[in-house]
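Here is a short note to read with the model open. Please follow each point on the structure itself.

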Amino acid sequence: MEIYVVKPGDSVDSISAAREVPAERLIYDNQLVYPYQLAIGQALLIDRNERSAGRAVSVGGYAYPFIRPWVLEQTLPFLSELMVFSYGFTEEGGLLPPAYGEDGWMTEEARRFGVRPILTLTPFGADGNFNNQLIHSVVNNLSYTNRLIRELLQVMQEKGYRGVDIDFEFILAEDRDAFTSFVWRVRSAVNQAGYTASVALAPKTSWDQRGLLYEGKDYQALGEAADYVLLMTYEWGYTYGPPMAVAPIDQVRRVVDYALTEISAEKTNLGIPNYGYDWPLPFQRGVTAAATIGNVEAVRIAVEQGAEIRFDELAQSPWFTYGAAGAEHEVWFEDVRSLQAKFDLMEEYGLRGCGYWQIMQWFRANWLLLQSRFYVLK
């Protein structure tokens, strides 16, 4: 694999000739759209169709039940696990089906490709947001916990799930130990049935980090309680925050550095974003909201607007600005360079693997690059 950054005067044909790769392959692998215009600073993956064995890793991807079937079918060959997002629960521990559609077809597709379907469990309230009162109610009541576990096991058996991923966020500090005990109970029960239990962890950089995202999660204890964990190393740049990289590699490294003092690398997956954000400017906290965009879409915006894509060396992330309809915009997203930096980190630390939030948008170059670096466990 080679990564080529477009320079002024480049075209698909000129790059094809210089790098000795068919133009059709460049177009296909990078999802270029006719008439195949390029943006200055755009990173192209040049695939010479050579594969090395690489280290074996686990690769997961979160998806809603309304994912396009074609996108799921294209993505499954690159996954070890498909995390279906998501099941919820009541204050009394009653399991709730996904609010976004029927999930049975996804578990069937996953099994067809030899991928383990994973039931994602989240404490969403009626407003669609994480609700820590739901968490508080269930983790502090053994009867409610046991009911939730029973109903989880029933659905997992009926629909062919092979594991549960516990994605609880904004856990109250007072519920820290109760949550850890909850994870132990879930894992014990599902392991006995032949399933796995994992936990998604907010990106902490120290044991005593303050904030509602962090105080309710004990990295060391949860690393012991779960079969494996996912570090949610994304959302530094987010919908309501100021423009910046979604997953700046310097910040991601800080999280991994801390996590591995508490949890073994063999149980740790790196979170990878598969999206970007487009912020209208000027940014006003509490007013400005960024639009979520796909990585391929971001490049097409740059091409359409004649914007030059820049690359932040510290964050190892691409970005650009453009003007449209009288407004300025700033866009941060992921490309093969930023992904390469994350794969390098996985290799450097010997991590178990990675998990993508989320796989709703098809980004072919990402999967080709991943495949060139690692052997995906099935």
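The points below cover a helix pair, a nonpolar core and a sheet.

1. Keep in mind that this is a predicted model.

2. Start with two helices. Helix 6 (residues 142–159) packs against helix 7 (residues 176–192) at an angle of about 35°. Their axes are 10 Å apart. The crossing of helix 6 and helix 7 is right-handed.

3. Now look at the residues that meet. Helix 6 brings L142, T145, L148, I149, L153 and M156. Helix 7 answers with F182, R185, V186, A189 and V190. By class, this contact of helix 6 with helix 7 has nine nonpolar residues, one polar and one charged.

4. Next, the core. The largest nonpolar core holds 109 residues. L82, L121, F179 and F182 have the most contacts inside it. Take L121 as a case. Leaving aside neighbours within four places in sequence, L121 is in contact with residues including Y87, F89, L148, L152, I166, F168 and F182.

5. Move on to the sheet. It is open, with five strands in the order 12-11-15-14-13 and antiparallel pairing. Strand 12 (291–293) and strand 13 (310–312) stand at the edges. Each has a single partner strand, so one side of each is left without a neighbour in the sheet. On average, neighbouring strands of this sheet are turned by 30° against each other, direction ignored.

6. Zoom in on one pair. Strand 11 (residues 276–281) and strand 15 (residues 327–332) pair in the antiparallel sense over five bridges. W279 has E330 in strand 15 as its bridge partner.

7. Which strands does helix 10 lie across? Helix 10 (residues 295–305) lies across strand 11, strand 12, strand 14 (317–324) and strand 15. Helix 10 runs at about 45° to strand 14.

Key:
Residues are numbered from 1 along each chain as its sequence is written. This is a predicted model: local features need pLDDT of at least 70, side-chain atom pairs count only at pLDDT 80 or more; totals for chains, interfaces and linings use all residues. Side-chain values use heavy atoms; hydrogens and water are left out. Axes are lines fitted to C-alpha atoms, for helices over the stretch in contact, and angles run from 0 to 180 degrees between N-to-C directions. Helices (H or I, at least four residues) and strands (E, at least two) are DSSP runs, numbered from the N terminus. A crossing is left-handed if the near helix is turned anticlockwise from the far one by less than a right angle, and right-handed if clockwise. Contact means heavy atoms within 4.5 Å. Ala, Val, Leu, Ile, Met, Phe, Trp, Tyr, Cys and Pro count as nonpolar, Asp, Glu, Lys and Arg as charged, and the others, Gly among them, as polar. A nonpolar core is a set of buried Ala, Val, Leu, Ile, Met, Phe, Trp, Tyr and Cys residues joined through side-chain atoms within 4.5 Å. Buried means under 20% relative accessible area, exposed over 50%, partly exposed in between (1.4 Å probe, protein chains only). Two strands pair if DSSP finds at least two bridges between them.
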